[in-house]
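Please look over the sequence and the structure shown here before reading on. The report that follows takes up the overall form and then a number of individual residues.

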Amino acid sequence: MPDELSIEIRKFEVRLQEFIKAEDEAIKSLKAFIEKVKELNSLLEAQPEKRKPETLEKIIKLRLETIKALQNALNCTAKAEHEKSHIPQSYGTILLTIEKLTKTS
């Protein structure tokens, strides 16, 4: 029976590491999105009459890259939230296991 608590502790450690990894990826993806938006903004701030055809092409390309960066950030954030949802499950399982072990001792 004491092995049961050890197993739950290991599960919790793995879940915590998975959450930390997913959270780090979400932060990186959000920073990448911010950089794309800033880059796009700097091109958009130029007066429309002063924009060259090359600038318009770059704006169109950056707009797509910005949308892709946002999609990636949303996906990474959703994964982090999913991993985070496992943490309370582990709390409950560990507490229940401790309760079972202390009642049978």
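## Terms and overall form

A helix is here a DSSP run of H or I that covers at least four residues, and helices are numbered from the N terminus. The model is a predicted one, and by this definition the protein has two helices and zero strands. Helix α1 takes in residues 2-44, while helix α2 takes in residues 53-104.

The C-alpha trace of the protein spans about 80 × 15 × 15 Å along its principal axes. The radius of gyration is 23 Å, whereas a compact globule of 105 residues would have one near 13 Å. Among the contacts between residues at least 6 apart in sequence, 80% join residues that are at least 24 apart.

## Surface and burial

The accessible surface of the protein comes to about 7900 Å², and carbon and sulfur atoms account for 60% of that surface. Of the 105 residues in the protein, 19% are buried. Three buried residues, S29, T66 and I87, are described in the next section.

## Buried residues and their contacts

S29 lies in helix α1 and counts as buried because its relative accessibility is 5%, which is under the cut-off of 20%. When neighbours within four places in sequence are left aside, S29 is in contact with A69, N72, A73 and C76.

T66 has its place in helix α2, and with a relative accessibility of 9% this residue also counts as buried. The side chain of T66 reaches the backbone oxygen of L62 at a distance of 2.7 Å. Not counting residues up to four places away in sequence, T66 touches F33, K36, V37 and L40.

I87 is likewise a residue of helix α2, and a relative accessible area of 7% makes I87 buried. Leaving out residues up to four places away in sequence, I87 touches F12, R15, L16 and F19. As for one of these partners, the C-alpha atoms of I87 and F19 are separated by 8.3 Å, although the two residues stand 68 residues apart along the chain.

## The aromatic pair

A pair of aromatic rings is described by the distance of the centres and the angle of the planes. The structure holds one aromatic pair. The rings of F12 and Y91 have centres 5.8 Å apart and planes at 45 degrees, so this pair is tilted; planes under 30 degrees apart would count as stacked and planes over 60 degrees apart as edge-to-face. The pair links distant parts of the chain, since F12 belongs to helix α1 and Y91 to helix α2, with their positions 79 residues apart in the numbering.

Y91 has a relative accessibility of 48% and therefore counts as partly exposed. F12, the other member of the pair, is also among the residues that I87 touches.

## Salt bridges

The structure holds seven salt bridges. One of them joins E35 to K38, with the closest N and O atoms 4.0 Å apart. Because E35 and K38 are three residues apart in helix α1, about one helical turn separates them. E35 counts as partly exposed at a relative accessibility of 48%.

In helix α2, K79 and E83 are four residues apart and are therefore separated by about one helical turn. The salt bridge between K79 and E83 has its closest N and O atoms 3.3 Å apart. K79 is partly exposed, with a relative accessible area of 45%, whereas E83 counts as buried at a relative accessibility of 12%.

K103 and E99 also have side chains that meet in a salt bridge, with 3.7 Å from N to O. Being four residues apart in helix α2, K103 and E99 are likewise separated by about one helical turn. K103 is exposed, with a relative accessible area of 65%, while E99 counts as partly exposed at 40% relative accessibility.

A network of salt bridges links K36, K61 and E65. K36 is, in addition, one of the residues that T66 touches.

Key
Residues numbered from 1 in each chain as written. Predicted model: local features only at pLDDT ≥ 70, side-chain atom pairs only at ≥ 80, totals over all residues. Heavy atoms only, no water. Buried < 20%, exposed > 50% of the residue type's maximum accessible area, 1.4 Å probe, protein only. Contact = heavy atoms within 4.5 Å. Phe/Tyr/Trp six-rings, centres within 6.5 Å; stacked < 30°, edge-to-face > 60°. Polar contact = N/O pair within 3.5 Å; in protein donor to acceptor, adjacent residues only side chain to side chain. Rg over C-alpha atoms; globule rule 2.2 N^0.38 Å. Areas by Shrake-Rupley, 256 points an atom, 1.4 Å probe, with all protein chains shown as cover.
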